[in-house]
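Visitor: Could you take me through one part of this model in close-up? I'd like the backbone oddities, plus whatever sits around them.

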Amino acid sequence: MTKLVVLSGKGGTGKTTVSAALATHWRGEVLCVDTDVDAANLHLVLQPTFGPEVPFVGGRMAYCDETRCSGCGRCTALCRFHAIAAGTVRSLSCEGCGLCALACPEQALQMIDHVGGYWSVGTADCGTVLGARLLPGAGNSGKLVSLLKEEATRLAKEQQVRWLLCDGPPGTGCPTMAALAGNDALLAVAEPSASGLHDLCRLLDLAAHFGISAYACINKADLAPAFAAQVSDECMRRRVPLLAKIPYDPEVGACARRGEPVVDRGDSPAAAALATLASRLAEIDL
Ligand code: SF4
Ligand code: SF4
């Protein structure tokens, strides 16, 4: 099994389009996991039927039994996050440190599990798809990503698939690091622009830090040939194989609006480039 993560260093580069295309191309040989838990959207293209949602306990938070609270205000004075006022907990502010529960003279406060989101396993035309949704304001997205990857790895081994394909989050922060860690290879999706090049460099630095082999492709490469050439030069300088230059193709947007993977439109230029990308990845010993 090869674990491949698709990342972009920034949002809006077409990472999910590429992931969905690869998943569709490798239909029957792949298990997909969408680790963009803050804004998951791979399911909009692959359209899996999801099973029951499993709660994700991201941490703990204070809970007050108001019948025991004397209103002494000790918790309010001690909480450095301003998350509690005389026993009333602001759930979005509580960091779960537990100090108020230790200090409450009436034992009115206790620490309880805080559900920060949900994850589930689904079945799509290409195979099994895992997805999650972090609740607004919930933290520990990296922890949820790690949990999803653990479940995905277990299922992928069970199903003996050739590919474990991870559609990652944008940026280079905690959830991206959690998505990147432990993969065999990274496919970086770059866009031909100054910010695209800048964010690609940050992402490739991160992959080098984790010791993960990196490959790249440029999306909408023909929209800005000069920047595409700069991305290409940077890949060459870093010895990162550039596997595809995907042309701008209005069919990609049309497919996204219809909720279809672009590979299913074999007659479009982007579909052809994505099919070539999938074949090249399959030929490389990642
Ligand atoms: S410390 Fe306990 S008793 Fe005092 S206000 Fe807070 S919850 Fe109520
Ligand atoms: S658990 Fe910590 S952060 Fe939350 S209300 Fe109590 S003292 Fe504040």
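Guide: Here is a walk through two unusual backbone spots, then a ligand shell and a helix residue.

This is a predicted model, in which local features need pLDDT of at least 70, side-chain atom pairs count only at pLDDT 80 or more, and totals for chains, interfaces and linings use all residues. Residues are numbered from 1 along each chain as its sequence is written, with chains lettered from A and ligands numbered from 1 in the order in which they are written.

Most residues other than glycine have a negative phi. Ala86 isn't a glycine, yet its phi is positive, about 45 degrees. Ala86 sits in the loop between strand 5 (84–85) and strand 6 (88–89); strands here are DSSP runs of E, at least two residues, and helices are runs of H or I, at least four, both numbered from the N terminus. Ala86 counts as partly exposed because it has 14 C-beta neighbours inside 10 Å (buried takes 20 or more other C-beta atoms within 10 Å, exposed 12 or fewer, partly exposed in between, with C-beta atoms placed from the backbone).

Gln160 is another non-glycine with a positive phi, about 55 degrees. Its loop runs between helix 5 (141–159) and strand 9 (163–167), and with 9 C-beta neighbours inside 10 Å, Gln160 counts as exposed.

As for ligand 2, 13 residues surround it, the closest being Cys79, Ile84, Cys94, Cys97 and Cys100 (near means a C-beta atom, placed from the backbone, within 6 Å).

Finally, Ala275 belongs to helix 10 (residues 269–283) and is partly exposed, with 18 C-beta neighbours inside 10 Å.
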